[in-house]
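Subject: Structure for you to look at

Hello,

Here is the structure I promised to pass on. Please open it alongside this note.

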Amino acid sequence: MPKINLLPKEIYQLIAAGEVVERPSSIVKEMIENSVDAGAKNITVEIKNGGSTYIRITDDGCGIERAEVKKVFVSHATSKISDKDDLNAISTLGFRGEAMASISAVAKVELLTRSESEELGTRYEISGGEEIAVEDAGCPNGTTIVVRDIFFNTPARMKFLKKDVTEGNAVAGIVDRMAISHPDISFRFIRDDKQTLITSGNGELLSAVYSVFGKDVSDALISVDYTFDNMHITGYVSKPTASRKSRAMQFFFINNRLVKSATAMAALEQAYKNSIMVGRFPMCVLNIELNPSLVDVNVHPAKIEVRFADEKPIFNLVYYGVKSAVEADRTVKQAEFTPKFDSVFDKPKDNHYTYSSKTDFFKKKEEPPVQQSFRLDNQNTFTLHSQTLADKSEKPAYNVSSAVTVEHIDSNRSVDYTEPENKQNISENKGYDAAVCDEKENINFRLIGEVFKTYIIVEIENELYFIDKHAAHERMNYENFKSQETIEVQMLLSPAAVTLSKDEFEVITSHNELLRQCGFETEPFGESAVIVRAIPSLVCESYVKDLITEIAQKLLEHKTDITPDKIDWIYHSASCRGAVKAGDYTSPQEQELFVKKLLSMPQIRFCPHGRPVFIKISKYDIEKQFGRV
């Protein structure tokens, strides 16, 4: 039988430290919580090299009396609780008495502190759990703690730290969350000698959100203030028109403690049902105030997981609080005035549009609009006729009095097609072009038209085909992406700034090469935003922000398995954003070219997401419905 050993102090301290100190951000979290519990109104966090070599946290809280200083670094020593009954109603952020002992076991720590009752402060130094010095110090009221060289005595742990920028972003995320959970405290964050965050501490949550996440996010929020069953929920949620592709901007707090709660998350999203699209998620910064006895925070050393005595009241509180706020909001998504082109696929041409740098708008040159119609000549060929409209405001009307008929052809014959007079404009359509008219095709079709501005109808032999133009164009784009050795890109006239969460920002900026291969050119813009300067030529500029946040979330989900040969999902997203949308106007000539291109690509049957590109109805089925057979 193996002999049971009593572990030496230095070993069990290192084991215990592993539960609390995972990385620099966990140290920052524990020390900020101590500063908050000490009643601080101003907290400054400074890090260098992602926090792995230097962390300093300064507060103006109550300070620590000299007689109590050494106890701070003793395991299970705390001022937050004194008996077992206190565990049933924890109202402070810290209570375990493990944090400082664990930190000092794996780092070099220096503490400067003075309480209001003392004239002189105290300097205390401890390294690897061993006391180095205790001496007088001149310092203001409050506490300053400096942590250096994390895991200096456990190199095996140090090798698991990520690069400095990643660890620094994790620390920044902790400071952000603490700032929005305590808007009455002024937070200051200094990263590698550069101040990246400061909050006013005026007690206004929206002000803290503005400082942390910026104007775009704060402007998209609506207030929540609701009481239910002796519980109170306050904070902000996003307007339905400002939903996101991920849950990265959802923050829940219980009595100002950041928590993860599947119950609260489910209630939030249920409250938005029928208000936002499936696959979109609301933002939130919500604090639930309730009796501490109704929630158990002593579940995990990190104290981010909680257990409720009863989940249903929590669900109801969040659901009805958010639902009432959403229903009270009457915001309608504001239209973005962008140039309207003749074709949903065409870009502005220099000879047709002028650009105004003052307004960032294309303006069409004053030319008489042209009415275009299709007619069949005596040889049964497809021709385009144009005439000038007298009324410039009149929308061009397309008339197909007799649909195009193409006789049965085999693989050795081409479609009898007369090129339209303005072939140059048509050939520049995105995704398909007039050049396909020269390809050999073995399918004849008869264009019927389009319904609901979504489905193109064609007759092929004794069957009707309903083509989902968005799904089909999306797959065409996808095939185009895959076939190109180098993605064609377009530079944006006005680079787009995209606000991201800290995790999203980190993953986007660390995958620049991958994004460049897919046609995106991005660069950091501040601490939580990127500037997009170029996008794939198939993607519409208006979808840039949604596409970048979607890519960021996908990268986060698959960050351990990202290689250039496994980026189909980026192509999927870009293909979808660049495809013609259901409801977009497409002219008959575009429909004709679209169908010809689609039928020349027999591999296309489903969109990249698995939806069918077209469905068919046979002549027999139609005649059966009319009782003809």
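Below is what was found in it, region by region.

First, a caution: this is a predicted model.

**Hairpin.** Strand β7 (residues 186–191) and strand β8 (residues 194–198) run antiparallel. They are joined by 4 bridges. One pairing to look up is arginine 188, whose bridge partner in β8 is isoleucine 198. The two strands form a hairpin, with 2 residues between them. In the turn, aspartate 192 has a positive phi of about 50°.

**Aspartate 176.** This residue sits in helix α6 (residues 164–181). Is aspartate 176 buried or exposed? Its relative accessibility is 6%, so aspartate 176 counts as buried, the cut-off being under 20%. Leaving aside residues up to four places away in sequence, aspartate 176 touches Leu197, Val212 and Lys502. Leu197 falls within the residue range of β8.

**Cysteines.** How many disulfides are there? The count is 0, with a disulfide taken as two cysteine sulfur atoms within 2.5 Å. Two cysteines are worth locating. Cysteine 62 is partly exposed, at 45% relative accessibility. Cysteine 139 is buried, because its relative accessible area of 15% is under 20%.

**Nonpolar patch.** Ile617, Ile622 and Phe626 make a nonpolar surface patch of about 290 Å². Isoleucine 622 belongs to helix α18 (residues 619–625). Its relative accessibility is 31%, so isoleucine 622 counts as partly exposed.

Best wishes

Methods:
Residues are numbered from 1 along each chain as its sequence is written. This is a predicted model: local features need pLDDT of at least 70, side-chain atom pairs count only at pLDDT 80 or more; totals for chains, interfaces and linings use all residues. Side-chain values use heavy atoms; hydrogens and water are left out. Patches are made of residues with over 30% relative accessible area and no salt bridge: like charges are joined within 9 Å, nonpolar side chains (Val, Leu, Ile, Met, Phe, Trp, Tyr) within 5 Å. Accessible areas come from the Shrake-Rupley method with a 1.4 Å probe; for residues, only the protein chains shown count as cover. A salt bridge is a side-chain nitrogen of Lys or Arg within 4 Å of a carboxyl oxygen of Asp or Glu. Buried means under 20% relative accessible area, exposed over 50%, partly exposed in between (1.4 Å probe, protein chains only). Two strands pair if DSSP finds at least two bridges between them. Contact means heavy atoms within 4.5 Å.
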